[in-house]
Amino acid sequence: VAFSLLGDLFDTNERNAASSGLTAMMGLGIISGQVYAGVVGSSQGWSHAFYVSSAITLITALLVLWLVREPVRGGKEEVLQDMLRRGTRYERKLTWNGFVQTMRNNE
């Protein structure tokens, strides 16, 4: 989902940097969580790291809901720009049946 949002938030020439930044932050979060769990696990117990991670995740999710607005679907795609300028909205969404159909017929 995050990379799909990046596609709607960033132009094609900015997506590589945005994707790299997102991937680096995910890696940093994983490493930080592992280090934190290793440092405090012996004194606080194994479940403490999960409680801290849960609290951080909930706070971050609330901040995202509050601060990040929903981008225009396909708003940064050059092929859809003309359609969007005419006032037509891009509403195509991937469904489970569409996914299965694509996987079966992808040659």
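Let us start our walk at Arg15, a residue that touches Leu6, Gly7, Phe10, Lys76 and Glu77, leaving aside residues up to four places away in sequence. Before going further, please keep in mind that this is a predicted model. Arg15 sits in helix 2, which covers residues 15-44. Two polar contacts of its side chain are worth finding on the screen. One goes from the side chain of Arg15 to the backbone oxygen of Gly7, at 2.9 Å. Another goes from the side chain of Arg15 to the backbone oxygen of Phe10, also listed at 2.9 Å.

From here we can step over to helix 1, made of residues 2-9. Which residues of helix 1 are buried? They are Leu6, Gly7 and Asp8. Among the elements that cover these buried residues is helix 2, the helix in which we found Arg15. Asp8, in helix 1, deserves a pause of its own. Its relative accessibility is 17%, and buried means under 20%, so Asp8 counts as buried. Which residues does Asp8 touch, not counting those up to four places away in sequence? The answer is a run of neighbours: Pro71, Val72, Arg73, Gly74, Gly75 and Lys76. Lys76 is a name we have met before, since Arg15 touches Lys76 too.

Arg73, one of the residues touched by Asp8, also lets us span a longer distance. Pair Arg73 with Gly33 and you will find their C-alpha atoms separated by 33 Å, with these positions 40 residues apart along the chain. Gly33 belongs to helix 2. With a relative accessibility of 38%, Gly33 counts as partly exposed, because that class lies between the 20% limit for buried and the 50% limit for exposed.

Now let us turn to the surface. Ile59, Leu63, Val64, Trp66, Leu67 and Val68 together make a nonpolar patch of about 650 Å². Val68, a member of this patch, is found in the loop between helix 3 (46-67) and helix 4 (78-85). Is Val68 buried or partly exposed? At 48% relative accessibility, Val68 counts as partly exposed.

Next come the aromatic rings. How many aromatic pairs are there? The count comes to two. In one of them, the ring centres of Trp46 and Phe50 are 6.0 Å apart and the planes meet at 75 degrees, so this pair is edge-to-face. Both residues lie in helix 3, four residues apart, which is about one turn of the helix. Trp46 and Phe50 are both exposed. Trp96 and Phe99 also form an aromatic pair, and this one is tilted, with 5.5 Å from centre to centre and 35 degrees between the planes. Trp96 and Phe99 lie in helix 5 (residues 96-105), three residues apart, again about one turn of the helix. Their exposure can be read from the relative accessible areas: Trp96 has 63% and is exposed, while Phe99 has 33% and is partly exposed.

Our last stop links helix 3 with Trp96. Leu62 is found in helix 3, and at 58% relative accessibility Leu62 counts as exposed. How far apart are the C-alpha atoms of Leu62 and Trp96? They are separated by 28 Å, and the two residues are 34 residues apart along the chain.

Terms used: Residues are numbered from 1 along each chain as its sequence is written. This is a predicted model: local features need pLDDT of at least 70, side-chain atom pairs count only at pLDDT 80 or more; totals for chains, interfaces and linings use all residues. Side-chain values use heavy atoms; hydrogens and water are left out. Helices (H or I, at least four residues) and strands (E, at least two) are DSSP runs, numbered from the N terminus. A polar contact is a pair of N or O atoms within 3.5 Å; within protein, one must be able to donate a hydrogen and the other to accept it, and residues adjacent in sequence count only if both atoms are side-chain atoms. Contact means heavy atoms within 4.5 Å. Patches are made of residues with over 30% relative accessible area and no salt bridge: like charges are joined within 9 Å, nonpolar side chains (Val, Leu, Ile, Met, Phe, Trp, Tyr) within 5 Å. Accessible areas come from the Shrake-Rupley method with a 1.4 Å probe; for residues, only the protein chains shown count as cover. A salt bridge is a side-chain nitrogen of Lys or Arg within 4 Å of a carboxyl oxygen of Asp or Glu. Buried means under 20% relative accessible area, exposed over 50%, partly exposed in between (1.4 Å probe, protein chains only). Rings of Phe, Tyr and Trp (its six-membered ring) pair if their centres lie within 6.5 Å; planes under 30 degrees apart count as stacked, over 60 as edge-to-face and the rest as tilted.
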